[in-house]
Amino acid sequence: MKKKVVSLLLVATMVASMVGCGSDKTGSTDTTNNNEGTVSTESGDTAEAEPEVEKPEEITIMVDGTVFTQENGQDEFIAKLEELTGIKINVIQPDHDAYYDVVGQTIASGDWPDVMILSSTYYAGYAAEGVLWDMTEAYENSDLKARQDAYGSTGVIDGVKIDGSLYGMPAARGNGCVTYVKKAWLDNCGLTAPTNYEEYVAMLDAFTTGDPDGDGVNGNTYGVSAAGFVGSEAPFINYLPEFYQDANPSFYQAEDGTWKDGFAEDSMKEALQRMADAYAAGYIDPTTLTNATSDCRNKFYDDSFGVFTYWAGTWATNLKTNLEANEKDGELVALEPIAEVGSYLDRIPPVWCITSACENPEGVFKYFIESMQDGGETQFLWTYGVEGVHWSTAAETLFEGTDNEKVYADGEFHGLENREKEGTQYTKAHIDPMLALVELADDPKDTSLAPEAKESAQLFNDNCVTADLVPSTDVMAEYNGELTTLKNTLIANVVMGELTIDEAYAKYEADHGAEWSQMIVDSLNAQ
């Protein structure tokens, strides 16, 4: 395992650069059979009874910011979850932007949690290294599978299987990003929504050199910003799709079934040239290299830039309400993919994984993982949060006396004011109701979700394709960390004008990037 942990640090580096169950309180792996080993069959014969799965008394979970933070009522959320599951739940929650750095350090330390959330990139690597428990059999024999199948979610589960085995359970579909444009900025510049790259660049130029925010000053805004020139997790290009178009900086599976590295292809060089040209023209926020997603959101809210590619669905409402809370116009246009992009990318969803050090993984799966999508009270909690903290059906007025005043009648479901962002409301908890994998009884989404959220989600669903889940190999674990660091450095160098494309690819060859890439491609195709 120590050798595996060394490889795992490389896996962690791979994504971070693109970017235990050790508790003795989880219970024994022994199970209790209350039927003393046999059950009667319809023929009167006896057969071995299914052993009863023991419920763990206490578990430790490691989660990112997609689960309520302390500032947003985590204590109340966990208290309610403990009440519903009958399990004491200890939470480890690093800062959202540093989450995978801490995950890597935690795995390397050997003091593993029982459960952790992993993005697709980490998921494949940790599964290959034996960190994750294989939940295939537990899932195949579960009520959860039946509920998901009935709701048409089979394809999502198949998409996270690795060589036919399941090491993690998504709580919802992956979703993806659409490009939002401020309607007021389009109007102020006399523009309509762009449909191709030429129109897109013309819009960026107007937003950068003109007065789109109407403050009377030309040239004090940017066209677009993002959290890096390349994303920190698969599918990597989803924050700047108009520049990448058909390019892919990482590994992908071609139509003939073979694996390739898109970084080596002409399409990637063309994407780099588009970004370099836009950066040189001042269209791209110069802090893009170091931005976190929270930085982008805050700059969007204060009208620093006008084009933001971000998550479809409820985030359309979050962006709108936060703009309005900052006394900005909140109307956004969600763009259909421009002609050269064709389709947005539906990411492989993050998954809830049980670590292989867990003492009672069957119990954790049945009583924690399954309950998250029970179609009832526990799923409701994971979807909307705690009554009186995150939502209410009481008659009340929110934001009274402001332009954002909301009046609710008795019995009308609504999100309460966000504790961390004054003037905004909660729209969901961990599970986005529009991305659920199991039908939720008495789901208020049809009446509670805002029109812009529904429209954004529908636009994305009508214009997306699913990204590839790239499997891990020993060669990838050994080399892809350094390879990814090299790729990201070269991308930044080219975009910011520090290297030409030819110089960057010459350095890629000289620094072993092409060699490592080919070794990884060969290992993927040899599987």
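## A helix across a sheet

Helix H13 (residues 314–325) lies across strand E6 (177–182), E10 and E11, and H13 runs at about 145° to E10. Helices here are DSSP runs of H or I with at least four residues, strands are E runs of at least two, and both are numbered from the N terminus. Angles run from 0 to 180 degrees between N-to-C directions, with axes fitted to C-alpha atoms (for helices, over the stretch in contact). Helix H17 (residues 451–462) also packs on this sheet, touching E6 and E11 (contact means heavy atoms within 4.5 Å). The direction of H17 makes about 130° with that of E6.

A quick word on the source: this is a predicted model, where local features need pLDDT of at least 70 and side-chain atom pairs count only at pLDDT 80 or more, while totals for chains, interfaces and linings use all residues. Residues are numbered from 1 along each chain as its sequence is written, and side-chain values use heavy atoms, leaving out hydrogens and water.

## The sheet underneath

So what is H13 lying on? It's an open sheet of four strands in the order E7-E10-E6-E11, and the pairing is mixed (two strands pair if DSSP finds at least two bridges between them). Strand E7 (222–224) and strand E11 (332–334) sit at the edges with a single partner strand each, so one side of each has no neighbour in the sheet. On average, neighbouring strands are turned by 25° against each other, ignoring direction.

Look at the E7 end: E7 and E10 (residues 305–311) pair in the parallel sense over two bridges. There, Val-224 stands opposite Val-307 in E10.

## Another four-stranded sheet

Four strands also form an open sheet in the order E4-E3-E5-E13, again with mixed pairing. Its edge strands, E4 (88–92) and E13 (351–354), each pair on one side only. The twist averages 25° from one strand to the next.

Strand E3 (residues 58–62) pairs with E4 in the parallel sense, over five bridges, and Met-62 stands opposite Ile-92 in E4. Helix H3 (residues 99–109) packs on this sheet, touching E3 and strand E5 (115–118). The direction of H3 makes about 140° with that of E5.

## What's tucked inside

The largest nonpolar core has 73 residues. Such a core is a set of buried Ala, Val, Leu, Ile, Met, Phe, Trp, Tyr and Cys residues joined through side-chain atoms within 4.5 Å; buried means under 20% relative accessible area (1.4 Å probe, protein chains only). Phe-243, Tyr-244, Leu-272, Leu-319 and Ile-491 have the most contacts inside this core. Helix H18 (residues 474–495) gives the most to it, with nine residues. Leaving aside neighbours within four places in sequence, Phe-243 is in contact with several residues, including Tyr-197, Leu-204, Val-224, Arg-274 and Ile-284. A second, separate core of 64 residues includes Ile-78, Met-169, Ala-172 and Phe-365.

Helix H4 (residues 120–128) is largely enclosed by the rest of the structure, because eight of its nine residues are buried. Among the buried ones are Tyr-122, Tyr-123 and Tyr-126. Just after H4, Gly-130 takes a positive phi of about 85°.

## Two helices side by side

H18 packs with helix H19 (residues 501–510) at an angle of about 165°, their axes 10 Å apart. That makes the two helices roughly antiparallel (over 145 degrees). Leu-483, Leu-486, Lys-487, Leu-490 and Val-494 in H18 meet Ile-501, Ala-504, Lys-507 and Tyr-508 in H19.

Notes
Buried < 20%, exposed > 50% of the residue type's maximum accessible area, 1.4 Å probe, protein only. Parallel < 35°, antiparallel > 145°, perpendicular 65-115°, else oblique.
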